[in-house]
Amino acid sequence: MIVVAGEALIDLVPQGTGALATLKPALGGGPYNTAVALGRLGSPTAFCSRTSYDAFGEALLAGLRAADVDVLDVQRGPEPTTLAVATIDAHGSAAYSFYVDGTADRLFEVPAALPAETEAVSFGTCSLVLEPGASAYEELMRTASAQGVFTALDPNIRAGLIPDADAYRARFTSWLPSVSLLKLSEEDALWLGGNPREWLAAGPSAVVITQGGDGLTAFTRDGSVYAVPGQKVDVVDTIGAGDTVNAALLHGLSVRGALSAEGLAGLGRDGWPQLLRFAARAAAVTCSRAGAEPPYASELADR
């Protein structure tokens with residue numbers, strides 16, 4: 001089982017232009033989208049988070065169940081669901097503003113244990129920024145890594161939520177010894193100010209950088225670099241594309257039995273390009289439709 005740890009929220013997506021365009025609610029949050037994408041791809045998946053008892057919280061859980069994601073250990077609370085207001089530019093790229101004060105997902109507490117069958121845990125986005133939940137997720141990451149569980153991290157920077165950029169960058173660096181696979185966007189890498197070689201030296205066995213329509217590049221501990229181009233597609237928007245890449249990488253590693261440092265090292269010049277192309281295809285499907293709607297396994301089987 002792959003466990004995805006992090007926030008679930010509601011994206012309010014504009015249906016037109018201008019500040020007063022109609023907003024359509026959609027299920028979202030980077031970790032949430034990753035969990036749904038993993039479920040749709042067929043990986044046994046569990047979600048580790050805290051959601052509200054409100055109507056949005058119920059809808060979020062229903063969406064996970066529809067993707068066959070295990071929600072038995074999701075914590076619940078009476079606080080409202082976090083809201084993210086999206087703005088879509090002319091190229092389909094999304095920017096966000098957040099309503100997070102006093103919301104349920106911020107109050108996540110470290111679970112007593114992960115499911116016994118856990119082979120990997122994925123972390124990222126707002127959940128590692130907003131306290132007190134951020135410290136709880138951080139503790140879970142360090143504990144899972146110390147127990148030999150494969151850990152994946154996508155920082156998915158939301159600069160507007162980070163009050164002290166230098167403090168966050170230092171905290172990010174402190175996570176790296178507990179990270180097996182680091183995935184981040186080109187924009188995230190620029191904001192963080194580091195480079196793949198520095199990050200690899202600090203802990204991860206591999207770093208994957210997404211470059212939008214230009215594709216993906218993987219850097220590995222042995223000094224190898226593997227790059228694949230993006231898949232051509234008519235972009236509706238990019239909401240959930242990076243989260244789909246997360247899921248596709250984890251799913252691909254799982255089916256190859258490669259969710260370990262040794263497994264990553266063994267992919268080599270054949271396995272890494274295959275894995276990256278699969279992730280690029282999956283992300284292209286997500287970009288071809290509105291909102292975070294990752295593909296099902298059947299949509300990728302013949303491509």
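Start by selecting residues 261-287, helix α8, in this predicted model. The helix has 27 residues, yet its end C-alpha atoms are only 31 Å apart. A straight helix at 1.5 Å a residue would reach 39 Å. Where is the kink in α8 centred? Select Gly-268: the kink is centred there and amounts to about 105°.

Next, go to Cys-287, a residue that counts as buried at 10% relative accessibility. Then add Cys-48, which is also buried, with a relative accessible area of 8%. How far is the sulfur of Cys-48 from the closest cysteine sulfur? The distance is 16 Å, to Cys-126, and that is too far for a bond, because a disulfide needs two cysteine sulfur atoms within 2.5 Å. Cys-287 is in no disulfide either, since the nearest cysteine sulfur, again that of Cys-126, lies 19 Å away. The count of disulfides comes to zero.

For comparison with α8, select residues 55-66, helix α2. Its twelve residues should span 16 Å at 1.5 Å a residue, and the end C-alpha atoms are 16 Å apart, which agrees. Now colour the buried residues of α2: Gly-57, Leu-60, Leu-61, Gly-63 and Leu-64. Turn the view to look down the helix axis. The buried residues fall within an arc of 155°, so they line one face of the helix. A general point helps in reading this view: an α-helix has 3.6 residues a turn, so residues three or four places apart point the same way. On the other side of α2, look for Ala-55 and Ala-66, which are exposed.

Stay with α2 and look at its two ends. At the start, a side-chain oxygen of Asp-54 reaches to within 3.2 Å of the backbone nitrogen of Phe-56. The helix is followed by Asp-68, whose phi is positive, near 65°.

Asp-54 also leads to the next stop, as it is one of the residues touched by Glu-79. Select Glu-79, in the loop between β7 (75-77) and β8 (83-88). Is Glu-79 buried or exposed? Glu-79 is buried, with a relative accessible area of 17%. Its side chain makes a polar contact with the side chain of Arg-50, at 2.7 Å. Leaving out residues up to four places away in sequence, Glu-79 touches Arg-50, Ser-52, Asp-54, Gly-102, Thr-103, Ala-104 and Leu-107.

Move on to Val-208, in strand β13 (residues 206-210). Val-208 counts as buried, at 0% relative accessibility. Show the residues in contact with Val-208, beyond those within four places in sequence; among them are Leu-181, Leu-182, Lys-183 and Leu-184, as well as Leu-249, Trp-272 and Leu-276. Then select Phe-219: Val-208 and Phe-219 are eleven residues apart in sequence, and their C-alpha atoms are 6.3 Å apart in space.

The last stop is Lys-24, in strand β3 (residues 23-28). Lys-24 counts as exposed, at 51% relative accessibility. Which residues is Lys-24 in contact with, apart from its neighbours within four places in sequence? They are Asp-11, Leu-12, Val-13 and Gln-15. To finish, draw a distance from Lys-24 to Ser-260: their C-alpha atoms are separated by 40 Å, and the two residues are 236 residues apart along the chain.

Terms used:
Residues are numbered from 1 along each chain as its sequence is written. This is a predicted model: local features need pLDDT of at least 70, side-chain atom pairs count only at pLDDT 80 or more; totals for chains, interfaces and linings use all residues. Side-chain values use heavy atoms; hydrogens and water are left out. Helices (H or I, at least four residues) and strands (E, at least two) are DSSP runs, numbered from the N terminus. The expected span of a helix is 1.5 Å times one less than its number of residues. The bend at a residue is the angle between axes fitted to the seven residues ending there and the seven starting there. Buried means under 20% relative accessible area, exposed over 50%, partly exposed in between (1.4 Å probe, protein chains only). A polar contact is a pair of N or O atoms within 3.5 Å; within protein, one must be able to donate a hydrogen and the other to accept it, and residues adjacent in sequence count only if both atoms are side-chain atoms. Contact means heavy atoms within 4.5 Å. The arc is that of the directions from the helix axis to the C-beta atoms.
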